[in-house]
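User: Hi, I'm new to reading protein structures. Could we go through this one together, bit by bit?

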Amino acid sequence: MVIGPETREEWATFSRELGHRLRRARAGSGLTQEQLVELAGISLYAYQQYERGAATKGGTPTNPRLATILAICQVLDIGIDALLPDVPKLTTR
């Protein structure tokens, strides 16, 4: 059985830290979740999962698409480096 990077504990930690950073950046901008998702053109439910660093029913941490993260950055007027924590090792090499 192959275990992908998304199943490693480091990825769950990354997802939780991303959620904390999303929440802080959004709160710092003065936007509600509803305002941010409307401006970014994303689903409220999905965004709430990202902020929580939630896992799917199968236990895999949420994994927002790059385009979603970039849209959020544009709404918050911040660079992607302000949101992304240190990336864990995702490969076996």
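What follows is a set of questions and answers about this predicted model.

User: Let's start with the pocket. How much space lies in the largest pocket?
Analyst: Keep in mind that we're looking at a predicted model. There are 12 residues lining the largest pocket, and Trp11, Phe14, Asn63, Pro64 and Leu84 are the closest to its centre. The space in this pocket comes to about 150 Å³.

User: Which helix gives the most to the lining of the largest pocket?
Analyst: Two helices each supply at least two residues of that lining: α1, covering 9-29, and α4, covering 66-76. With 3 residues, the one that gives the most is α1.

User: How many residues of the lining are nonpolar, polar or charged?
Analyst: Let's sort them by type. No residue in the lining of the largest pocket is charged, and 2 are polar. The nonpolar ones number 10.

User: On to charges, then. Which residue meets Arg21 in a salt bridge, 3.0 Å from N to O?
Analyst: Side chains of opposite charge can pair when their charged atoms come close. The partner here sits in α1 along with Arg21, 4 residues apart from it, which is about one turn of the helix. An α-helix has 3.6 residues a turn, so residues three or four places apart point the same way. The residue that meets Arg21 is Glu17.

User: Are Arg21 and Glu17 buried, partly exposed or exposed?
Analyst: The cut-off for buried is under 20% relative accessible area, and exposed means over 50%. Arg21 has 24% relative accessibility, and Glu17 has 26%. Because both values fall in between, Arg21 and Glu17 count as partly exposed.

User: Which residues are joined into one network by salt bridges that share partners?
Analyst: The count of salt bridges comes to 4. One of them is the pair Arg21 and Glu17. Shared partners make a single network out of Glu17, Arg21 and Arg24.

User: What about Glu51: how far apart are the closest N and O atoms in its salt bridge with Arg26?
Analyst: Glu51 is in helix α3 and Arg26 in helix α1, 25 residues apart, so the pair links distant parts of the chain. Glu51 counts as buried because its relative accessibility is 4%, and Arg26, at 12%, counts as buried too. The closest N and O atoms of the two are 2.5 Å apart.

User: Which other arginine meets Glu51 in a salt bridge, at 3.7 Å?
Analyst: This partner lies in helix α1, while Glu51 lies in α3 (residues 44-52), so the pair ties together parts that are 28 residues apart in sequence. At 33% relative accessibility, the partner counts as partly exposed. The arginine in question is Arg23.

User: Let's stay with α3. Which helices do its buried residues pack against?
Analyst: The buried residues in α3 are Tyr47, Gln49, Tyr50 and Glu51. They pack against α1, α2 (33-40) and α4.

User: Which residue has a side-chain oxygen that reaches to within 3.3 Å of the backbone nitrogen of Tyr45?
Analyst: Look at the start of α3 for this one. At the other side of the helix, α3 is followed by Gly53, with a positive phi near 65°. The residue that reaches towards Tyr45 is Ser43.

User: Now for Thr68. Which residues does Thr68 touch, not counting those up to four places away in sequence?
Analyst: Thr68 has its place in helix α4. Its relative accessibility is 6%, so Thr68 counts as buried. The residues it touches are Ile42 and Tyr50.

User: What covers the buried residues of α4?
Analyst: Along with Thr68, the buried residues of α4 are Ile69, Ala71, Ile72, Cys73 and Leu76. The cover includes α1, α2, α3 and α5 (80-83).

User: Which residue follows α4, and what is its phi?
Analyst: Here we just step past the helix. The residue that follows has a positive phi, and both the name and the angle are Asp77, near 55°.

User: Last one: what separates the C-alpha atoms of Thr13 and Pro85?
Analyst: Thr13 lies in helix α1 and is partly exposed, with a relative accessible area of 41%. Thr13 and Pro85 are 72 residues apart along the chain. Their C-alpha atoms are separated by 9.5 Å.

How values were computed: Residues are numbered from 1 along each chain as its sequence is written. This is a predicted model: local features need pLDDT of at least 70, side-chain atom pairs count only at pLDDT 80 or more; totals for chains, interfaces and linings use all residues. Side-chain values use heavy atoms; hydrogens and water are left out. On a 1 Å grid over the protein atoms alone, a cavity is a set of points where a 1.4 Å probe fits but cannot get out, and a pocket is an open set with protein on both sides within 12 Å along at least five of seven lines; lining residues have an atom within 4 Å of a point. Grid points are joined across faces, edges and corners, and a volume is the space filled by probe spheres set on the points. Ala, Val, Leu, Ile, Met, Phe, Trp, Tyr, Cys and Pro count as nonpolar, Asp, Glu, Lys and Arg as charged, and the others, Gly among them, as polar. A salt bridge is a side-chain nitrogen of Lys or Arg within 4 Å of a carboxyl oxygen of Asp or Glu. Buried means under 20% relative accessible area, exposed over 50%, partly exposed in between (1.4 Å probe, protein chains only). Contact means heavy atoms within 4.5 Å. A polar contact is a pair of N or O atoms within 3.5 Å; within protein, one must be able to donate a hydrogen and the other to accept it, and residues adjacent in sequence count only if both atoms are side-chain atoms.
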